[in-house]
Amino acid sequence: MVHHDQDLYESRHSNDITAENVRISTDNSISKEKYEGDTVIEEIREGESEEDFPDGGLRAWLIVCGAMCNTFSTFGYVNSWGIFQNYYQQTVLSGSSPSSIAWIGSIQYSLVFLPGIVVGRFFDLGYFRSIFLTSSGILVGATFLVAECTEYWQFVLCQGIAVGLGCGGIFGPTSAVIAHWFKKRRGLAMGFVAVGSSIGGTVLPIAGKNLIPLVGFKWTMRIFGFILFTTLGVSNIMLKRRLPPRRVAGGLFNFGAFRSAPYSVYCASAFVNFLGYTQVILTYVGVSATAIGISSDFSFYFVAFANASSLFGRYVAGNLCDGLGAMNVMIPFTAFAGIVTYAWPFAQTKSALIAVTVIYGFCSGSYVSLLSNPLMEMGDTGDVGRRIGMFMSILSIGALAGPPISGAISTATGDFKAVGYYAGTSVLIGVGLMCVTRHLVLRRMFGKI
């Protein structure tokens with residue numbers, strides 16, 4: 001564990017966020033103030049001017065490389081769930097309903113976010129390396145254990161809970177570490193970090209599809225375990241926080257943050273978005289492909305198609321973000337992803353489904369890659385871990401409920417049309433709430449945010 005030398009830190013005022021008033025100057029730069037009652041208190045960020053952030057250089061880009069290995073090992077792995085859903089339905093868990101099997105993937109996916117509130121708070125206090133190393137061991141060990149599972153409850157325990165918690169402990173501090181090293185080029189850095197997820201989500205499904213017939217499911221999972229051992233070894237070596245811990249008042253929760261309307265509405269938008277976003281299509285696109293007559297051998301590749309196209313979406317979004325602002329990029333791309341979700345169940349041929357999957361992957365990638373960026377600007381860097389952690393914990397509830405709800409709808413209706421209506425509507429409502437957040441910050445039609 002990291003031990004704190006109290007003599008290193010000066011006593012600082014509380015960084016609890018109450019409410020923000022964001023004023024736009026003539027050059028579109030954003031200055032922030034805090035309100036306490038009727039008194040305006042200028043937010044003081046000692047040692048945090050833009051010039052103090054490296055924003056590049058070998059060490060900073062090695063941090064990005066390590067963070068890419070993180071997202072490869074967490075979201076790249078978790079976003080490959082579609083191949084497991086399809087495989088389990090056809091083989092070892094064929095006696096379970098699609099909705100029941102989807103709970104494994106949902107638990108796994110939600111637990112990537114849920115521990116964020118704990119991990120983020122400990123990150124702010126200086127506890128990074130010990131949690132990160134322990135979580136890496138849990139993820140690798142759980143992956144090896146999945147190879148030995150034969151019963152539904154075993155898959156829930158190993159692949160759902162253990163893999164999810166391991167990913168959560170790894171992914172939780174990733175955005176906060178990037179916030180320590182980048183300011184002006186933060187969007188580009190986060191775009192590169194998110195590319196790791198797309199690479200993992202492309203490589204792992206294709207590897208799994210080709211390895212299972214050759215070496216069997218058990219050895220496929222063991223090979224996945226060795227891959228994760230390698231990538232997480234690299235990230236454990238490369239990742240490092242830059243700023244010293246901050247003695248921020250409060251515990252796990254900073255309830256004062258929710259007195260900021262933009263923060264609260266943005267949290268609500270993520271919750272609604274994740275009820276229908278990403279995992280719904282990634283979970284069921286392979287199953288829907290089989291349902292319209294596409295061979296099971298080929299249907300495995302749809303998850304890889306979505307993740308491969310999201311790579312380009314994440315890269316493009318990261319490049320646009322620093323010039324246009326994160327939310328200005330996220331809103332149109334996410335809205336288009338919602339529209340494409342409506343079209344997904346009506347793609348009844350192989351070529352049409354490939355086109356829908358690729359377009360959806362590209363658009364959804366922009367949202368996921370920039371998800372944390374607006375939060376980094378909603379308060380002090382010393383409290384960024386807790387602020388992002390609370391946000392992640394809220395959206396994890398939507399991520400947990402979304403796929404099983406979709407599975408239940410599909411079972412009740414016998415097809416995926418109603419699932420498309422449900423998921424697409426959830427995404428567009430989330431986009432609407434993002435627009436509200438944007439308005440609360442800018443108070444006008446145009447501006448960078």
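Is Val436 buried, partly exposed or exposed? In this predicted model, Val436 has a relative accessibility of 38% and therefore counts as partly exposed. The residue sits in helix H18, which spans residues 417-442. Val436 also offers a first glimpse of how the chain folds back on itself: Ala261 is 175 residues away in sequence, yet the two C-alpha atoms are 9.6 Å apart in space.

With that starting point in place, the overall picture is a welcome next step. The protein contains 18 helices and 3 strands. Of its 449 residues, 58% are buried. Contacts across the sequence are plentiful in the following sense: among contacts with a separation of 6 or more, 83% are between residues 24 or more positions apart. The accessible surface amounts to about 16900 Å², and carbon and sulfur atoms account for 67% of that area.

One part of this surface can be named residue by residue. Val118, Phe122, Leu252, Phe253, Phe255 and Phe258 make a nonpolar surface patch of about 530 Å². Within this group, Phe258 is found in the loop that runs between helix H9 (186-238) and helix H10 (261-276). Phe258 is partly exposed, because its relative accessible area is 30% and the partly exposed class lies between 20% and 50%.

Helix H5, residues 116-125, shows the covered side of the model. Of the 10 residues in H5, 7 are buried, so that the helix is mostly covered. The buried residues are Gly116, Ile117, Val119, Gly120, Arg121, Phe123 and Asp124. Which elements cover them? The cover includes helix H4 (98-113), H6, H7, H8 and helix H17 (384-413). After H5 comes Gly126, with a positive phi near 110°.

Helix H8 also has a partner in helix H1. Helix H1 (residues 58-73) and helix H8 (residues 174-181) pack with their axes 10 Å apart and at an angle of about 170°. Angles over 145 degrees count as roughly antiparallel, and H1 and H8 are therefore roughly antiparallel to each other. On the H1 side, the residues that meet H8 are Arg59, Ala60, Ile63, Val64, Ala67 and Asn70. Their counterparts in H8 are Thr174, Val177, Ile178 and Trp181.

Charged side chains give another view of how separate parts of the chain come together. How many salt bridges does a search of the whole structure find? The search finds 2. In one of them, the side chains of Lys218 and Glu148 meet at 3.9 Å, N to O. This pair links distant parts of the chain, with Lys218 in helix H9 and Glu148 in the loop between helix H6 (129-146) and helix H7 (152-171), 70 residues apart. Lys218 counts as partly exposed because its relative accessibility is 42%, and Glu148, at 41%, is likewise counted as partly exposed.

A salt bridge also joins the side chains of Arg222 and Glu148, at 2.8 Å, N to O. Arg222 lies in helix H9 and Glu148 in the loop between H6 and H7, so this pair ties together parts that are 74 residues apart in sequence. Through shared partners, the salt bridges join Glu148, Lys218 and Arg222 into one network.

Two serines complete the tour, beginning with Ser309 in helix H13 (residues 301-324). Is Ser309 buried or exposed? Its relative accessible area is 6%, so Ser309 is buried. Once neighbours within four places in sequence are left aside, Ser309 is in contact with Thr357, Val358, Gly361 and Phe362. Among these, Gly361 lies 52 residues from Ser309 in sequence, with a C-alpha to C-alpha separation of 5.2 Å.

The other serine, Ser369, has its place in helix H15 (residues 350-370). Ser369 counts as buried because its relative accessibility is 2%. Where neighbours within four places in sequence are left out, the contacts of Ser369 are with Met190, Ala194, Arg314 and Ala317.

Notes. Residues numbered from 1 in each chain as written. Predicted model: local features only at pLDDT ≥ 70, side-chain atom pairs only at ≥ 80, totals over all residues. Heavy atoms only, no water. Helix = DSSP H or I, 4+ residues; strand = E, 2+ residues; numbered from the N terminus. Buried < 20%, exposed > 50% of the residue type's maximum accessible area, 1.4 Å probe, protein only. Contact = heavy atoms within 4.5 Å. Patch = residues over 30% accessible without salt bridge, like charges linked within 9 Å, V, L, I, M, F, W, Y side chains within 5 Å. Areas by Shrake-Rupley, 256 points an atom, 1.4 Å probe, with all protein chains shown as cover. Salt bridge = Lys/Arg side-chain N within 4 Å of Asp/Glu carboxyl O. Axes fitted to C-alpha atoms, helices over the stretch in contact; angles between N-to-C directions. Parallel < 35°, antiparallel > 145°, perpendicular 65-115°, else oblique.
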